[in-house]
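Colleague: Could you take me through one part of this model in detail, and then set that part in the context of the whole chain?

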Amino acid sequence: GYVSLTCDRCLELVNMPVDTQYLVLYQFTGEGEPDVDKDNSEVEFIELPANAVAFNVSQQVYETVLLDIPMIRNCDDLEVKPCNSQMLEKLNNINQSGEAKSDPRWDKLKDLLK
C-alpha cells in the first residue's frame with residue numbers, strides 16, 4: 001500500500017510505498033499451547049480472553065507500517081517526483097548565498113556567552 005507523508009525537503013505530500021510482512025498470532029486463552037515457540041522473536045503472540053468477540057489490530061498494523069517507513073522521507077526513490085518547486089528554489093537560494101545574514105539581537109546574546 002501507500003502512506004501519505006510530508007517530504008523532508010520540500011514539505012509536499014508524498015505517497016510512500018509500504019511493502020512489509022509481520023506475523024502476529026492471536027489465540028484465545030485456555031485453548032492449549034500454540035504450534036509456535038512463544039520466545040521466537042519473529043512472531044508476536046497475543047492471547048485474547050476466552051469470551052472476546054472482537055479485538056483491535058490497529059496498533060499492530062500501525063507499528064508494522066511505521067517500521068517500514070524510511071527515516072529520511074523524500075521523493076528521491078519515487079518515479080514521479082511531486083516536489084514543490086517554490087520551496088526548492090528558496091532552498092537553492094539559501095545554499096547559494098552562503099552564510100545567512102546575522103540578526104543583531106542574536107549577536108548581542110552571543111556576546112553574553114563570551
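Modeller:

**A close look at strand E2**

Strand E2, residues 13-17, has a covered face made of Val14 and Met16 and an uncovered face made of Leu13, Asn15 and Pro17; strands here (E, at least two residues) and helices (H or I, at least four) are DSSP runs, numbered from the N terminus. In a regular strand the side chains alternate between the two faces of the sheet. This is a predicted model, in which local features need pLDDT of at least 70 and side-chain atom pairs count only at pLDDT 80 or more, while totals for chains, interfaces and linings use all residues. Residues are numbered from 1 along each chain as its sequence is written, and side-chain values use heavy atoms, with hydrogens and water left out.

E2 pairs with strand E1 (residues 2-6) in the antiparallel sense over five bridges, where pairing requires that DSSP finds at least two bridges between the strands. Within this pair, threonine 6 stands opposite leucine 13 of E2. The two strands form a hairpin with six residues between them, and leucine 11, in the turn, has a positive phi of about 65°.

Both residues of the covered face, Val14 and Met16, belong to the largest nonpolar core, whose eight residues also include Leu5, Cys7, Cys10, Ile69, Cys75 and Leu78. Such a core is a set of buried Ala, Val, Leu, Ile, Met, Phe, Trp, Tyr and Cys residues joined through side-chain atoms within 4.5 Å, and buried means under 20% relative accessible area, exposed over 50%, and partly exposed in between (1.4 Å probe, protein chains only). In soluble globular proteins, nonpolar side chains tend to be buried together. Leaving aside neighbours within four places in sequence, methionine 16 is in contact (heavy atoms within 4.5 Å) with Gly1, Tyr2, Val3, Leu5, Pro70, Asn74 and Leu78.

Cysteine 10, another member of this core, has its C-alpha atom 8.0 Å from that of serine 85, although the two are 75 residues apart along the chain. Serine 85 lies in helix H2, residues 85-97, and counts as exposed because its relative accessible area is 54%.

As for the whole chain, its three helices and four strands run β-β-β-β-α-α-α from the N terminus on. Of its 114 residues, 17% count as buried, and among contacts with a separation of 6 or more, 44% come from residues 24 or more positions apart.
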